[in-house]
Amino acid sequence: MASGLILLQGACAKQEPKMNQSSAANQISSGILYASRALLLLLTGLIVAWIFTSTALADEVGFEQAVQQLTTRKFRDKEKAVKQLADIQDKRTLPVLQALLDARLYYRKSDKRVVIVVPIDGQYQLSDPLNGEQLGTAAKRQLKKIGINNKLRKLLKAKLASLSLESPDVEVRLAAVEQMLGHLDEAQADYITRLAEQEQDEDVRDAMGSALALHQLEHGSDEQRLQAISLLSGNLSQVVNNHLQALLEKNEQGEFLETNTTLRKAASRALDLISSRLQINSIIETTFFGLSLGSVLLLAAIGLAITFGVMGVINMAHGELIMLGAYTTYLVQSAMPNYTDLSLIVAVPAAFIVSGLFGIMIERFVIRHLYGRPLETLLATFGVSLILQQLVRTVISAQNVAVSNPSWMSGSWQINAALSLTYNRLFIFIFAMVVFVALLLILKKTALGLQVRAVSQNRPMAQAMGIRSGWVDAMTFGLGSGVAGIAGVALSQLTNVGPNMGQAYIIDSFMVVVFGGVGNLWGTFVGALSLGAANKFIEPWSGAVLAKIIVLVFIIMFIQKYPRGLFPQKGRSAEN
Amino acid sequence: MVKLLQQYFQRDRGGNSMLGILLFISVMVPVLNLVVPESSVFHVSTYTVTLIGKYLTFALLALAVDLIWGYCGIMSLGHGAFFALGGYAMGMYLMRQIGDRGVYGNPELPDFMVFLNWSELPWYWSGFDMFWFAMLMVIVVPGLLAFVFGWLAFRSRVTGVYLSIITQALTYALMLAFFRNEMGFGGNNGLTDFKDILGYSLQSDFTRASLFAASAIILALAYLLSRYIINSKLGRVVVAIRDAEDRTRFIAYRVEYYKLWLFVVSAILAGMAGALYVPQVGIINPGEFSPLNSIELVIWVAIGGRGTLYGAVAGAVLVNFSKTWFTGILPEGWIFALGALFVVVTIYLPRGLVGIMNRKQAAQT
């Protein structure tokens with residue numbers, strides 16, 4: 001620590017000359033100043049180091065003694081030892097106390113030496129808590145566990161929390177404060193009050209404020225308690241909720257345990273606020289999950305919206321094209337094991353190309369022979385889907401493969417205590433939107449899009465205008481299939497990647513396209529998001545499977561009423 | 001009268017030979033199984049009897065599909081659902097026949113209900129201890145579902161691909177539903193461990209042979225019924241609907257009623273196939289509802305040749321036989337072969353195997 005200080009000051013000093021370089025006259029004087037200042041720094045550094053080493057020496061003995069003290073059988077003495085350890089400012093304390101709490105602190109029966117153990121294959125790997133030295137392995141019967149009781153456990157938790165409160169890591173501090181929420185003692189409250197004044201991070205400061213308010217609520221005067229309640233109202237933490245709830249409890253005679261009416265009223269108001277906020281949160285959360293499911297459906301269905309909607313081709317192998325995209329992700333990831341973060345970005349164009357090429361092949365070899373016979377196309381492409389599945393099973397594996405999440409997609413965005421949105425779902429939602437817009441632009445703004453629309457509206461006329469309709473068919477089908485591949489990349493981040501994964505999406509995708517209205521990308525968009533949201537809003541009171549069944553039955557009914565979907569095509573081309 | 005009948009049979013050579021074969025095996029196979037001693041070369045093992053019996057139930061299912069697809073152009077991708085519903089009705093009867101011989105020995109409740117801590121039989125299980133009621137349900141449940149579904153779909157003129165997709169969604173939804181334990185149909189495991197039917201043990205050779213004969217005879221009867229329907233005036237209208245639905249409507253036929261009637265008959269035939277299938281195979285589970293099964297049976301019909309009835313029967317038996325044979329020697333190859341069949345048949349054999357045979361005959365004459 002002392003040497004760290006010196007380094008820090010040295011680094012500051014080194015930057016000094018740069019500022020003074022402009023003037024030559026100043027250089028000499030600044031040189032002298034620099035030298036004298038460096039000398040001063042060195043001196044103070046030495047003094048600081050000396051103070052630290054001397055206290056460290058004293059602490060060293062204390063630390064060793066305290067650790068050894070833990071082997072005593074009396075819990076009261078162990079307690080003293082724990083307190084002593086916590087008081088010594090030493091970075092070794094945290095692991096020791098943590099090990100004690102986790103029942104990983106033992107001592108050797110032979111020499112009463114305290115060790116931290118890690119169980120490996122029925123044996124224990126020992127390490128010295130004093131210097132971290134590895135002491136080899138030992139059998140269980142050579143060791144004796146240092147037992148703790150509930151009182152000690154509580155103490156340990158609190159001490160560990162207060163140690164982590166001063167950690168330089170914001171996350172650690174925040175977690176520590178949240179852990180202490182609701183069971184502060186007087187000393188800790190004072191301690192946190194002090195810390196809160198110096199705390200730089202706003203979140204940690206807020207959390208500390210809540211913890212202190214909760215402490216006031218328990219122990220303060222009525223005035224302070226009222227203030228605490230107003231501070232805590234709207235706080236979404238479960239602990240706060242419980243404490244406020246406790247204020248409204250009644251005894252067996254039906255009288256309130258809390259006699260102060262103003263307090264009770266304030267508490268119930270605060271609780272109302274909390275519950276309404278929680279409700280809003282859960283609605284936001286459900287909407288998010290719904291939109292997330294919707295975006296997955298959108299990705300899966302949008303390729304189909306092109307092949308089915310624009311070309312009128314039923315491609316039952318669409319799910320398998322998604323599967324191929326997911327497997328491409330897997331292969332790309334295996335090819336570059338050290339660049340997981342990058343591999344997903346590489347996988348997107350790769351999957352587009354792989355699935356797109358497969359799609360073009362399917363169009364050239366199978367579908368081309370069957371234009372105008374949609375039911376036969378359905379059967380033939382179903383055969384293709386069986387072949388593709390079996391191909392993957394034979395070539396790669398019948399088992400699911402593991403596709404890892406890149407670091408920028410794992411974790412979640414913690415909005416408040418009760419609401420967090422996972423990054424992978426967030427990214428996939430955004431990704432789906434980007435893909436949708438890109439596809440829309442391709443169909444509306446490019447030459448290919450114009451030709452695709454021309455061929456789908458009137459093939460002979462388009463041919464007469466010099467459009468190679470066969471080529472347009474292949475490209476359109478390749479585009480739709482490529483998008484399916486991209487969907488596979490996204491899905492690989494959410495679900496299992498296996499040979500059968502495509503089948504799970506094929507029916508859903510068709511439902512989305514038919515529900516939205518064939519030949520209309522916006523219909524697919526609205527259909528996917530609304531079906532996803534509907535599914536998630538039904539789920540809480542019916543369960544996942546029943547929700548799915550309800551949605552399916554709803555779509556079946558809907559199609560019977562409106563056979564052409566939400567946004568039917570109008571005009572002559574709609575009639576066949 | 002006799003002359004009329006003669007005329008009637010003369011028109012359908014393929015069908016007649018199939019009926020002949022069915023009649024022949026419905027007598028011969030049980031005899032070869034039960035009477036001829038096991039040491040003899042001519043003995044047919046019970047395993048084979050059950051296997052062929054299973055093919056015949058599939059053939060009945062294919063016949064049901066051909067009736068609506070081949071003659072009315074309705075490609076149902078959900079006929080497996082009617083098959084499975086018939087199977088479940090039969091399975092429920094067989095389940096109730098187990099009585100207290102289950103693992104838990106409960107005389108009232110099937111094992112899986114005891115396992116789920118259910119205290120009494122759900123209302124929809126009542127009556128299934130009676131054979132006649134179960135048989136009624138084999139007809140009523142698929143028929144009713146087909147009626148409701150068809151009434152809604154045909155009335156709003158859902159046709160072609162859309163109809164195929166929503167029938168597929170129907171069977172998919174039913175599969176998800178039957179997978180749920182709360183439904184009271186045994187969830188994932190379905191209904192199994194059957195002991196006897198009408199008092200006869202399902203394990204005995206006699207019962208197996210009888211079930212086989214029943215399958216063959218019911219298939220023959222279903223064939224005759226289908227042929228009767230197709231040759232009747234109603235059948236003519238149905239074919240007209242297949243070829244030009246709008247025109248048929250314009251000359252004042254209520255297209256949806258004809259379709260609905262045929263669809264319900266087809267569903268009932270499929271349900272009967274399921275009811276015959278379950279006692280022979282010994283299990284019914286939600287896997288029978290899977291969309292894959294329904295679409296596979298459409299390809300049986302396509303391979304045999306649609307719009308001929310006997311072609312569907314031949315296709316079902318042929319595909320299932322090769323499935324058994326193929327999975328025996330090359331398990332992984334079967335899926336490839338099946339996939340290739342789908343592609344090749346739809347592209348190169350739009351009239352199926354029957355189409356090839358007819359073409360050859362036409363070339364000879």
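Two residues are in contact if their C-beta atoms, placed from the backbone, lie within 7 Å. Keep that in mind as you work through this predicted model.

**Exercise 1. The two chains**

Work out how many residues each chain puts into the contact, and which helix of chain A gives the largest share.

*Solution.* Start with the totals: chain A brings 32 residues to the contact and chain B brings 37 residues. Next, look for the helices on the chain A side. Helix 14 (374-395), helix 19 and helix 21 (544-561) of chain A each give at least two residues to the side that touches chain B. Of these, helix 14 of chain A has the largest share, with 13 residues. Finally, sort the chain A side by class: you get 24 nonpolar, five polar and three charged residues.

**Exercise 2. A helix pair across the chains**

Decide how helix 19 of chain A and helix 7 of chain B are oriented to each other: parallel, antiparallel, perpendicular or oblique?

*Solution.* Step one is the angle. Helix 19 (residues 501-516) of chain A and helix 7 (residues 160-179) of chain B have axes that come within 10 Å and cross at roughly 130 degrees. Step two is the cut-off: over 145 degrees would count as roughly antiparallel, and 65 to 115 as roughly perpendicular. The helices are therefore oblique to each other. The crossing of this pair is left-handed.

Now for the residues that meet. From helix 19 of chain A come A:Ile507, A:Phe510, A:Met511 and A:Val514, while helix 7 of chain B offers B:Tyr162, B:Ile165, B:Gln168, B:Ala169 and B:Tyr172. Sorted by class, that's eight nonpolar, one polar and no charged.

**Exercise 3. A sheet in chain A**

Find the strands that stand at the edges of the five-strand sheet in chain A.

*Solution.* Begin with the order, 4-3-2-1-5, in an open sheet with antiparallel pairing. Strand 4 (134-138) and strand 5 (143-145) of chain A are at the edges; each has a single partner strand, so one side of each has no neighbour in the sheet. On average, neighbouring strands here are turned by 40 degrees against each other, direction ignored. Zoom in on one pair: three bridges link strand 3 (residues 123-127) of chain A to strand 4 of chain A. There, A:Ser127 sits opposite A:Gln134 of strand 4.

**Exercise 4. One valine**

Is B:Val29 buried, exposed or partly exposed?

*Solution.* First locate B:Val29: helix 2 (residues 13-34) of chain B. Then count: 19 other C-beta atoms lie within 10 Å of B:Val29. Buried needs 20 or more, and exposed 12 or fewer, so B:Val29 is partly exposed. Beyond residues up to four places away in sequence, B:Val29 touches B:Val44, B:Val49, B:Ile52 and B:Phe212. The C-alpha atoms of B:Val29 and B:Val49 are 7.1 Å apart, with the two residues 20 residues apart along the chain.

Notes. Residues are numbered from 1 along each chain as its sequence is written. Chains are lettered from A and ligands numbered from 1 in the order in which they are written. This is a predicted model: local features need pLDDT of at least 70, side-chain atom pairs count only at pLDDT 80 or more; totals for chains, interfaces and linings use all residues. Axes are lines fitted to C-alpha atoms, for helices over the stretch in contact, and angles run from 0 to 180 degrees between N-to-C directions. Helices (H or I, at least four residues) and strands (E, at least two) are DSSP runs, numbered from the N terminus. Angles under 35 degrees count as roughly parallel, over 145 as roughly antiparallel, 65 to 115 as roughly perpendicular and the rest as oblique. A crossing is left-handed if the near helix is turned anticlockwise from the far one by less than a right angle, and right-handed if clockwise. Ala, Val, Leu, Ile, Met, Phe, Trp, Tyr, Cys and Pro count as nonpolar, Asp, Glu, Lys and Arg as charged, and the others, Gly among them, as polar. Two strands pair if DSSP finds at least two bridges between them.
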